[in-house]
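Visitor: I should like a close look at a single part of this model, followed outward into its surroundings. Please proceed residue by residue where that is helpful.

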Amino acid sequence: MEALKVGRPSPAARPLPWLGVAAVGLGFALLALFIWSWWDRSDLAGTGQKLLILAGFAAAAYGVARVANFLAAVRTGPLVGFIPAGLTLALVLLTVEALLRAYQVPAGLIPTPTRVFATLWAVRDVLLQDAYQTVVLEAFTGYLVGCGLGVATALLVSRFVFLERGFLPYATAFSSIPIVALAPVLVKMMGLEWPSKAAIVAITVFFPVVVNTFRGLTEVSPLSLDLMRSYAAGEAQQYRWLRVPNALPFIFNALKLGTTLAMIGSIVGEFFGANGQGLGFRIQIEAGRFGFDIVWSAIIVASVIGIAWYGLVAWLERRLTGWHVSFRE
Amino acid sequence: MRKWTVVLAVLAMATASLGTAQQNLIKVNLQLKWFPQAQFAGFFVAKERGFFRAQGLDVTLLPAGDQSPIQVVQSGAADFGTTWIADLLVARERGIPVVHLAQIFQRSGFTLVALKSTGIKDLCKDLKGKSVGVWPSGNEYPAVALFRKCGLTSSLDPRAANPDVKAVSYPFDPSLVFPDKVQLVSAMTYNEVNQIAGLGYDESKVDVFKLADEGINLLEDLIFTTERVLNERNFKGSGLTGRQVAARLIRASLQGWDWAVKNQAETVEKYVLPFCGNTCKGSGSRADAKGHQTWQMAEIAKLYNAGATTKGWAGFLAPADFQASVKLLRDQGILTKDPPRQAVDYGPWEEATGKKAADYK
């Protein structure tokens, strides 16, 4: 640890990359200048303006690269560490906005980022209701049920050999087929309300959880098992002190994978019928009527929630399995 | 040696003549609005009776699921398409350069169906708080126009947080939602009305509200394309312009429609049923494909034989009808401005029929 620190120069020792900062500023200014000048125009931009966009993009990209290199070399906190990613996002959004305006791409095909953000703000109430239906009722309920049943099943399978031989092969097979293909069937069976989507989500997350948890419970070091036996530890104690802790990293892998699967399952499930609410419903309806500003707004909402959810599970993982080798520095 | 040369020469000539025979026909993709059924009878007749071929066209009729035909035509996967006017004009307003070419149906066949036991007597008065089944992909506009006309908000409106009407989307089969999940369900006069009857809810048990009677007469099946296709100088290397191809397509299609409507039984038997498999069936007690399509053909004929068609102007978009549809869409805020002049092009229809739009009375 100490050796590493010595090896890195402190921020004060390195001068700020002024050239890079200036290039970022210049590039962003050029792009913003074009967007501002083309705000109300509805004609195609000329070659000069397109070159201006290109120059702005090139300058800003060069600058971001310089700044990122500088920040990578100095040891900094997470907020400062986010600066290169943030600058990249801003650069991409500005360039996309400028190009869409320069080529006058119709909003019915690709809306400009500013239009998407304006729409996102305007329809936020409805999108939040949609998110409640899709995320809380469908994805989260299905996730809890699927993961809960998955862990319970894995406990049983690891305990009883006949289950391991008779059931586990199917669970392994099922965990690698796209369960979301079942969506139309389940919607038809269970109706258009949220439970049908929750069922899709539960089935989708169930199998990976079973398989991963089982591996965690059984791939135990024989030495540790011998130790437990020499302490005369009972079945339950073995699980409590050895198998379950050993399985936690595996379980969390499945849980993190499950957050993504749950969002996909609930949104895609709504494509096959919904009761007038939900992010998937909104995306489908609006894509059909060329309201892509709303489609993108719904995608943003879904992405933000999906990332937050994943982050929450990852945070829990660090709290509960901080001892694991992958977190030790 | 010589023998082989002769054989080879003959073979070469044969393949060349085959090649040119196929080259002479211009390949055209026409995107239908739905799966094959009597709704598109005229196009099937035009294809199978050789009307398209007589115009030098080799037309492929593409079926659609619940996706917008406009997206297919816009992407270039099809050259022409059939859709409804609300769908077309909204796409135009959102910047998709689609152009109306010919109006096949002169009247709306969109209805809302409710069980008599729900007590819904007057759509506007009794809609509030109800669930209504709608189809996505641009097929929800007639219902939206009705809600707005009645002063009601719906869950189809992304700006209404507490909608008066809950719109339930479902994949086209009314039995999925009716009558358990929704009080009212979208139904076309020519398809779902009969399916619902087949499920055991016939005229004695349900009320069928025709939206045309409620003042929502939004024109339906029409032929459209994009400005890109229309302004093509050399359509797929055929030597014809996009407009000329459009005119030929319209001429053959109208011929097909005229024949289909005059020979309904033969059309269903020979030109619809052989092409439509599973999607042609009705539901429940009226599941038989032949029965359902015969009935559909008769209902389709009513939509075709109306308005301009009755004056001998089949396929013509009467300016007054167009303005009525535009006004309705604008009044209900579905369109925010009048569509540009280029949204409708009478040129190909005029070339196809030899009539002048300005002469219509």
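Guide: In this predicted model, A:Trp194 counts as buried, because 24 C-beta neighbours lie inside 10 Å and the threshold for burial is 20 or more. The residue belongs to helix α11 of chain A, which covers residues 194-218. Once neighbours within four places in sequence are set aside, A:Trp194 is in contact with A:Gln133, A:Leu137 and A:Glu138. A further relation concerns A:Glu270: 76 residues separate it from A:Trp194 in sequence, yet the C-alpha to C-alpha distance is 8.7 Å.

From here one may turn to the packing of two helices of chain A. The axes of α7(A) and α14(A) are 7 Å apart, and the helices pack at an angle of about 125°. The two are therefore oblique to each other, since an angle of this value falls between the roughly perpendicular range of 65 to 115 degrees and the roughly antiparallel range over 145. On the α7(A) side the contact is made by A:Asp130, A:Ala131 and A:Thr134, and on the α14(A) side by A:Leu279, A:Gly280 and A:Arg282. By class, the residues of this contact divide into 2 nonpolar, 2 polar and 2 charged.

After α14 comes a loop leading to α15 (292-320) of chain A, and A:Phe290 lies in that loop. A:Phe290 is not a glycine, yet it has a positive phi of about 65°. Most residues other than glycine have a negative phi. A:Phe290 is also buried, with 27 other C-beta atoms within 10 Å.

The helices α7 and α14 also bear on the interface between the chains. In total, 26 residues of chain A are in contact with 23 residues of chain B. On the side of chain A that touches chain B, α7 (124-159) and α14 (279-288) each supply at least two residues. The helix that gives the most is α14(A), with 5 residues. That side of chain A is made up of 13 nonpolar, 9 polar and 4 charged residues.

Across the interface, chain B holds 14 helices and 10 strands. Its radius of gyration is 22 Å, close to the 21 Å that the globule rule gives for 361 residues, so chain B is as compact as a globular protein of that length. Of those 361 residues, 51% count as buried. Among contacts in chain B between residues at least 6 apart in sequence, 77% join residues at least 24 apart.

Within chain B, an open sheet of 5 strands follows the order β7-β6-β8-β5-β9, with mixed pairing. Its edge strands are β7 (166-169) and β9 (206-210), each of which pairs on one side only. Neighbouring strands of the sheet are turned by 30° against each other on average, direction ignored. Strands β6 (residues 131-134) and β8 (residues 184-188) of chain B run parallel and are joined by 2 bridges. B:Val132 has B:Leu184 of β8(B) as its bridge partner.

Between β7 and β8 of chain B runs a loop that contains B:Pro179. The peptide bond from B:Phe178 to B:Pro179 is cis, with omega near 0°. Elsewhere in chain B, B:Lys236 has a positive phi of about 50° although it is not a glycine. B:Lys236 lies in the loop between α9 (227-230) and α10 (242-262) of chain B, and with 14 C-beta neighbours inside 10 Å it counts as partly exposed.

Technical notes:
Residues are numbered from 1 along each chain as its sequence is written. Chains are lettered from A and ligands numbered from 1 in the order in which they are written. This is a predicted model: local features need pLDDT of at least 70, side-chain atom pairs count only at pLDDT 80 or more; totals for chains, interfaces and linings use all residues. Two residues are in contact if their C-beta atoms, placed from the backbone, lie within 7 Å. Helices (H or I, at least four residues) and strands (E, at least two) are DSSP runs, numbered from the N terminus. Ala, Val, Leu, Ile, Met, Phe, Trp, Tyr, Cys and Pro count as nonpolar, Asp, Glu, Lys and Arg as charged, and the others, Gly among them, as polar. The radius of gyration is taken over C-alpha atoms; the globule rule is 2.2 Å times the number of residues to the power 0.38. A residue is buried if 20 or more other C-beta atoms lie within 10 Å of its own, exposed if 12 or fewer, and partly exposed in between; C-beta atoms are placed from the backbone. Axes are lines fitted to C-alpha atoms, for helices over the stretch in contact, and angles run from 0 to 180 degrees between N-to-C directions. Angles under 35 degrees count as roughly parallel, over 145 as roughly antiparallel, 65 to 115 as roughly perpendicular and the rest as oblique. Two strands pair if DSSP finds at least two bridges between them.
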